[in-house]
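Please open the model in your viewer and keep the sequence panel beside it, since each stop on this tour begins with a selection.

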Amino acid sequence: MNRKLKPRKGISYAKWGYIFTLPFFIAYIIFTLTPQLMTIYNSFFENYRSGLKQIGPNFVGLQNYVALFTPDKTGMVGMLKYFGNTVVLWIMGAVPQIVVALLLAVFFTSYRLNIKGQQFFKTVIYMPNLIMAAAFSMLFFTLFSPVGPINQVLLAHGIVEKSVNFLGIKISVRILISLMNFLMWFGNTTILLMAGIQGIDQNMFEAAEIDGANSLQVFFRVTLPLLAPILVYTIITAMIGGLQMFDVPQVLTNGKGTPDRASMTMVMYLNNYLGTSKNYGMAGAISVILFLVSSALSLVVYNSLSRQYKN
Amino acid sequence: MKNSENTRGRIQLIVLRTVVYIILIFLSILCLFSFYMLLINATRSNAQLQAGFTLLPKNNFFVNLKNAWTDASINIPRGMLNSFFIAACCAVLTTYFSALTAYGIHVYNFKLKKPAFYFIMAVMMIPPQVSAVGFIQLVYKFHLTNNYIPLILPSIAAPVVFFYMKQSLESVLPMEMVEAARMDGSGEFRTFNQIVLPIMKPAIAVQMIFSFVGSWNNYFIPALLLDKAEMKTVPIMVAQLRSADYSKFDMGKVYMFILLAILPVLVVYIILSKSIIKGVTAGSVKG
C-alpha cells in the first residue's frame with residue numbers, strides 16, 4: 001500500500017505503528033475481549049443471586065445451555081420462543097424497509113424521473129434514525145395508550161365504539177414495534193442503496209435503454225444484479241441490528257414483552273437475567289448463542305469488506 | 001406516429017412522477033406525524049389533552065416546560081447534563097483514537113499491520129450486547145457502578161469509526177505530506193496532531209456527531225450500571241416514565257419530557273442534516 005514509506009537511511013518508523021495503534025488494542029482487550037471471554041467462561045457456571053443469597057459460582061458444564069432449551073411447565077421453550085419473536089419482529093420491519101428503500105433509491109437516482117426536493121425528502125426520512133429509540137417508543141406508547149390521542153380520534157369519529165388497548169393485543173404490539181423499526185431504518189437503507197446505484201457504471205443504463213429495455217427490465221436485469229453485493233451487505237447488517245432489538249420493545253412493553261411475552265426479544269431475555277437475579281450463568285449462555293449467530297452473519301460482511309480491500 | 005408515441009411517453013412519465021411524489025409525501029408524513037403530535041401535545045395541559053386531540057397547538061408549552069424541568073422524581077436537567085457530558089467525552093475519545101489508529105495502520109509498515117487491520121474488520125460487526133455479562137462483572141469487581149468511566153473509556157476502541165477514518169485517510173492524505181513534515185523535522189505525534197488531524201476535519205466532525213448521538217441515545221448498558229438518581233442519563237429517565245403509573249401523570253409533562261429527550265439531537269440534525277446524510281454512506285461497503 002505505502003511502498004513509498006520504506007525506512008530511509010536506517011530510520012525505521014515501525015515502532016510508531018505500534019505506538020499509534022496501542023491505545024485502541026488496550027481498550028479493546030480491557031473492555032471487549034476480556035468481558036467476551038468472561039462471558040463465555042460464565043456460561044459454564046451456576047452463578048446467581050436468590051434473594052440475598054449468592055449461589056455459586058459452581059462449574060456445571062453445559063447445564064445452562066440444556067436449561068435454555070428445556071421446556072417449562074407450560075411446555076414452552078423460552079429461548080426458541082424469544083428467538084422466534086425476534087425473527088418475526090425483524091421480518092415484519094425489515095421486509096418493507098428494504099423494499100421501500102430500494103424503490104426510493106431507484107426513484108431518487110432516476111434521471112428520467114428527475115425528482116425535485118430530494119434533499120428535503122432525504123432529510124425527513126433519515127431523521128427517525130437519529131431519534132432516541134427509548135423516547136420514540138415512549139412516544140408511541142403514549143400516542144397509542146387507551147386514553148391516548150389515537151384512541152381519542154378513533155372514538156370521536158365513531159370508528160371504534162370503545163377504546164382499543166393496542167398494547168394488549170399481540171398483533172398490534174408487533175405491528176407497532178415493526179412500524180417503529182421500519183421508520184427508524186428505511187431512510188438509512190435508502191441512502192446506502194442510493195450510493196450503491198450511483199456507483200454503478202452509467203453506461204450500463206444507457207446501453208440497456210438503447211437496446212430498448214423498459215424501466216422494469218432495466219431494474220431487474222441491470223440495477224438489481226449489479227446492486228446485489230450492496231444489497232446483501234445491507235440485509236446482513238440489518239439482520240445483525242435486528243438481533244440486537246431491545247430499546248423499542250423494552251420501553252413499549254415496560255420490559256415485559258406483553259402480551260403473553262409475544263414481543264420479548266433475545267436481548268430483552270438476556271437483560272432479564274442481568275437484572276436483580278444477576279444470573280450470569282444463564283445470561284452467559286444466551287450471550288454465547290447470540291455471539292455465534294452474529295459471528296456467522298458477520299463473516300458475510302467481513303468477506304464483502306475484505307474483498308473490497310483486496311481489489 | 002412518432003409524435004403520438006412521444007406524447008404517450010410524456011403522459012406516462014407525468015403519471016409516474018405524480019405517483020412517486022405521492023409516495024414520497026406519504027412517507028414523509030408517516031415520518032413526521034408522530035413528532036408533530038408530540039410537539040402539539042407538549043403545548044397542551046393535562047385537561048386539554050383529556051378533552052381530545054387537535055391539530056393546533058395550545059398555550060401551555062411554558063407551563064409544561066417548567067413542570068417537567070422542576071419535577072421532583074425525574075431530574076431531567078441533571079439527566080441532560082449527565083448525558084451531554086458522557087456523549088461529549090465519547091465523541092472526542094472515539095474520533096481522536098480512531099483517527100490515531102487508522103493513521104497508525106495507514107502510514108506505517110510494521111509486522112502486525114495486516115493482522116491488526118483484519119482483526120478490527122473481523123470484530124467490527126459483533127454486537128456489544130454479547131460481551132455485556134463479562135463487562136458488568138468487571139465493572140462490579142472494580143466498584144465502578146454509578147461511575148462514568150465504564151461508559152466513556154470503551155469508546156477508545158470503536159472498530160466502525162476506525163474503518164470510516166481509514167477510508168477517509170486513503171482519499172485525503174497524500175504520503176508526500178507526511179514525508180515533507182518529516183523533512184522539516186516534525187515528530188510523528190506532531191505530524192499527526194497538527195497536520196493530519198486538520199486534514200481529517202470533515203470526517204472527524206461527521207463521526208463526532210454520530211458518536212455523540214449514539215451515546216446520547218444509549219440505553220442498554222447505562223441502565224444496568226447507573227441506579228443513583230443523580231447519575232442517571234436521559235434514556236434511563238424516559239424508561240422510568242414508562243414504568244411509573246402514567247395514569248396519575250400530568251400528560252402534558254410527559255410529552256415535554258419526551259420532547260426534551262430528543263430535542264438536542266433534533267436541533268443538531270436540523271442544522272447539519274446535509275453533512276450528516278453525506279456521512280451515512282462514506283463508511284460503508286462499496287460493492
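Select A:Lys278, which lies in the loop between H11 and helix H12 (280–310) of chain A; keep in mind throughout that this is a predicted model. If you display the backbone torsions there, you will find that phi of A:Lys278 is near 45°, a positive value in a residue other than glycine. Most residues other than glycine have a negative phi, and most peptide bonds are trans. Is A:Lys278 buried, exposed or partly exposed? A:Lys278 counts as partly exposed, because 18 C-beta neighbours lie inside 10 Å, and a residue is called buried only if 20 or more other C-beta atoms lie within that distance.

Move next to the loop between helix H10 (247–252) and helix H11 (266–274) of chain A, where A:Pro259 is found. Select A:Thr258 together with A:Pro259 and look at the peptide bond that joins them, which is cis, with omega about -10°. Then extend the selection to A:Asp260, whose place is also in the loop between H10 and H11 of chain A. A:Asp260 is not a glycine, and yet its phi is positive, at about 55°. Counting around A:Asp260 gives 13 other C-beta atoms within 10 Å, so this residue is partly exposed; the class of exposed residues ends at 12 or fewer such atoms.

Now show both chains and colour them separately, in order to examine where they meet. How many residues does each chain bring to the contact? Chain A supplies 88 residues and chain B supplies 80 residues. To find the element of chain A that gives the most to its side of this contact, select helix H1 (residues 14–42) of chain A, which contributes 19 residues. Colouring the side of chain A that touches chain B by residue class should show 58 nonpolar, 26 polar and 4 charged residues. For the complex, the predictor reports an ipTM of 0.93 and a pTM of 0.92.

Hide chain A and bring chain B into view by itself. Coloured by confidence, chain B averages a pLDDT of 91, and 96% of its residues score at least 70. In a cartoon representation, chain B shows 14 helices and 0 strands. Turn chain B along its principal axes, and its C-alpha atoms fill a box of roughly 85 × 75 × 35 Å. The radius of gyration of chain B is 25 Å, whereas a compact globule of 287 residues would have one near 19 Å. A colouring by burial would mark 40% of the 287 residues of chain B as buried. Among the contacts in chain B with a separation of 6 or more, 75% are accounted for by residues 24 or more positions apart.

For the last stop, select the two ranges that the domain assignment gives for chain B, namely domain 1 (2–66) and domain 2 (71–282). The C-alpha centres of domain 1 of chain B and domain 2 of chain B are 33 Å apart. Where these domains meet, 11 residues of domain 1 of chain B are in contact with 8 residues of domain 2 of chain B. On the side of domain 1 of chain B that touches domain 2 of chain B, helix H1 (2–41), helix H2 (46–50) and helix H3 (61–69) of chain B are the elements that give two or more residues. The largest share of that side of domain 1 of chain B, 3 residues, comes from H1(B). By class, the residues on that side of domain 1 of chain B divide into 5 nonpolar, 5 polar and 1 charged.

Technical notes: Residues numbered from 1 in each chain as written. Chains lettered and ligands numbered in written order. Predicted model: local features only at pLDDT ≥ 70, side-chain atom pairs only at ≥ 80, totals over all residues. pLDDT = per-residue confidence, 0-100. Helix = DSSP H or I, 4+ residues; strand = E, 2+ residues; numbered from the N terminus. Rg over C-alpha atoms; globule rule 2.2 N^0.38 Å. Contact = placed C-beta atoms within 7 Å. Nonpolar A, V, L, I, M, F, W, Y, C, P; charged D, E, K, R; others polar. Domains from an automatic or database assignment.
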